[in-house]
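Hi everyone, thanks for making the time. I'd like to walk you through one model today, so let's put it up on the screen.

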Amino acid sequence: LKEDGWYKTSAQSAQLDFGADNTVTQALLDGNVKFESLNADNPQRASSRTAAFQFGPQNQITAARMTGDVFFESAQKDKASQATAQEAVFYFDNSKIRKADLQGQVSFASDSGKLTAADASIDFTTDAAGAIQPGRLHTAGNAVLLAAVSSANEPPAKFEARTIDYDLQTRSGVAHGPVRFTYYLKAEPQSASLQPWIPAVITADGSTEFLSDAEGNVERVIFQKNVLASRLFKSFTYTQQDQFHGDKLTVYLSPAEDGRRGIGRIHMSEGNVYAESIRTRDETKLSHIRLTCRDFSWNRLENMIIAAGPGQMELDNSRAYADTASDAAAYQRPGFARVTGFNTLNWDLLAQTLVADGDKETLQPLVNGQPERFLFANSVRFEMNFTKDAAGKVILKRAFTDKGITFRELNAERSKTLNEMIGQSLEYNPLDGGWLKIAGTPAMPCYLNGARVPSIFV
């Protein structure tokens, strides 16, 4: 027991070695070894089966090697952290802990979550109040971090990496890839989800950086190199797989309505950037939407994707059932639609509307999944609305532009123009019987195969 020092120690048996000046140089302890600080404002405790302590001048502890069920705890006010391992070496300066090397089944727990790894090292620092606190943490071997949850029903977010460097005070750090991050989105009551929590997974081959604000709240997470974010949604009528891909994904976190911090906005950029959504029922693909572009952002509150081109967006429901009873079956049957050449694209996921702007856009339906005929609509702006039918298929509801339109119909070989229509505006409605209207203005008259007409209605 050292009253004015850092520690008090107890064990079932002990062997002490003394130096020439009758000071303790080493202490070997065995059986239920415990030592703890005498500072009530900053209690620190450790325990193990055996321990070997090294001492310097004036009997100040310089190192402690502990083996077997090692446990360490540090607490201050409302903050507490715990570490366990099979073996640990603690290093001291002026009898105050400065570093800990932990080996074998390492576990570190705090109010923000639990980290496990094969090996780890912790650097301790002195805070503004003069108390010793765990500072930087470095793991070796595969590391797994489970985030703290607010309720027993909530599955914890799980982060896996090769190694992690993390500042336990600022809660900022870097994970070295490959990395895998699994988190869960609470299903909305009206979503008809079979899962109360919808799993989402982000994988990356490179490093991942965590950046926190002054209060220690993580506000940005940056994933690097071959990043793939995916979400699997299941309902009674369909299964939907959503994916985002690129070489850099920035996730911005913000408080949600329930007070939990969640994803507020994401930004995907660099490399092969795309977003796609595939909806299936049993083995049948109901729809497939794919967006490729330079970069895009998604905002949680607005539920909108904003993409920067040049880019392309495709909608494929060519395997859906055709409405062969319709006289306008060519406009209503299953098909494939593509919008290419946009500079900017706004996709409202809630309203299922899409607005594309650019130098040139092209709308290409394919009938029954085969190029029975090609329809090209060229303009500098397109507005598109989507909806879902009773089976859950995503289908085109309306396409519109009033920025000038050239509409051409080619044969299957694309060697011959069957019809060409030019005008100021186009409105395409594949529902309600299926129809297409092109209108002109005095500044941009309407032409059908070279002949001027008031308007065209098909």
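The accessible surface of this chain comes to about 22,800 Å², and carbon and sulfur atoms account for 49% of that area. Please keep in mind as we go that this is a predicted model. The chain has 458 residues, and 45% of them count as buried. In secondary structure, we have one helix and 34 strands. If you take the contacts between residues at least 6 apart in sequence, 46% of them join residues at least 24 apart.

Now to the aromatic rings. How many aromatic pairs does the structure hold? There are nine. Let me start with Phe233 and Tyr238, a tilted pair with 6.0 Å centre to centre and 35° between the planes. Both Phe233 and Tyr238 are buried.

The next pair is Phe244 with Phe296. Here the centres are 5.1 Å apart and the planes stand at 75°, so this one is edge-to-face. Why edge-to-face? Because planes over 60 degrees apart fall in that class. What I like about this pair is where its partners come from. Phe244 sits in strand E18, residues 239–255, while Phe296 sits in strand E22, residues 295–299. The two are 52 residues apart, and the pair links distant parts of the chain. Are these rings buried or exposed? Phe296 is buried, at a relative accessible area of 0%. Phe244 has 18% relative accessibility and also counts as buried, because the cut-off for that label is under 20%.

There is also a cluster to point out: Phe159, Phe181, Tyr183, Phe210 and Phe223 belong to one aromatic cluster.

Some rings have a charge for company as well. Coming back to Tyr238, the charged end of Arg279 sits over its ring, 3.8 Å from the centre. Arg265 does something similar with Tyr252, lying over the face of that ring at 4.1 Å from its centre.

Let's stay with strand E18 for a moment, since Asp242 is found there too. Asp242 has a relative accessibility of 14%, so it counts as buried. What does the side chain of Asp242 make a polar contact with? Its partner is the side chain of Ser277, at 2.6 Å. Leaving aside residues up to four places away in sequence, Asp242 touches Ala229, Ser230, Arg231, Glu276 and Ser277.

To finish, a few backbone details for those of you who enjoy them. A cis peptide bond joins Gly177 and Pro178, with omega at about 5°. Pro178 lies in the loop between strand E13 (172–176) and strand E14 (179–186). Gly309 and Pro310 are joined by a cis peptide bond too, with omega at about 10°, and here the proline is placed in a strand, E23, residues 304–316.

Then we have positive phi values at residues that are not glycine. Lys225 has a phi of about 75° and belongs to strand E17, residues 218–234. With a relative accessible area of 53%, Lys225 is exposed. Asn449 has a positive phi of about 50°, and its place is the loop between strand E32 (446–448) and strand E33 (451–453). At 47% relative accessibility, Asn449 counts as partly exposed.

That's my tour, and I'm happy to go back to any of these spots on the screen.

Definitions and conventions: Residues are numbered from 1 along each chain as its sequence is written. This is a predicted model: local features need pLDDT of at least 70, side-chain atom pairs count only at pLDDT 80 or more; totals for chains, interfaces and linings use all residues. Side-chain values use heavy atoms; hydrogens and water are left out. Rings of Phe, Tyr and Trp (its six-membered ring) pair if their centres lie within 6.5 Å; planes under 30 degrees apart count as stacked, over 60 as edge-to-face and the rest as tilted. Buried means under 20% relative accessible area, exposed over 50%, partly exposed in between (1.4 Å probe, protein chains only). Helices (H or I, at least four residues) and strands (E, at least two) are DSSP runs, numbered from the N terminus. A charge sits over a ring if NZ of Lys or CZ of Arg is within 6 Å of the ring centre and within 35 degrees of the ring normal. Contact means heavy atoms within 4.5 Å. Accessible areas come from the Shrake-Rupley method with a 1.4 Å probe; for residues, only the protein chains shown count as cover. A polar contact is a pair of N or O atoms within 3.5 Å; within protein, one must be able to donate a hydrogen and the other to accept it, and residues adjacent in sequence count only if both atoms are side-chain atoms.
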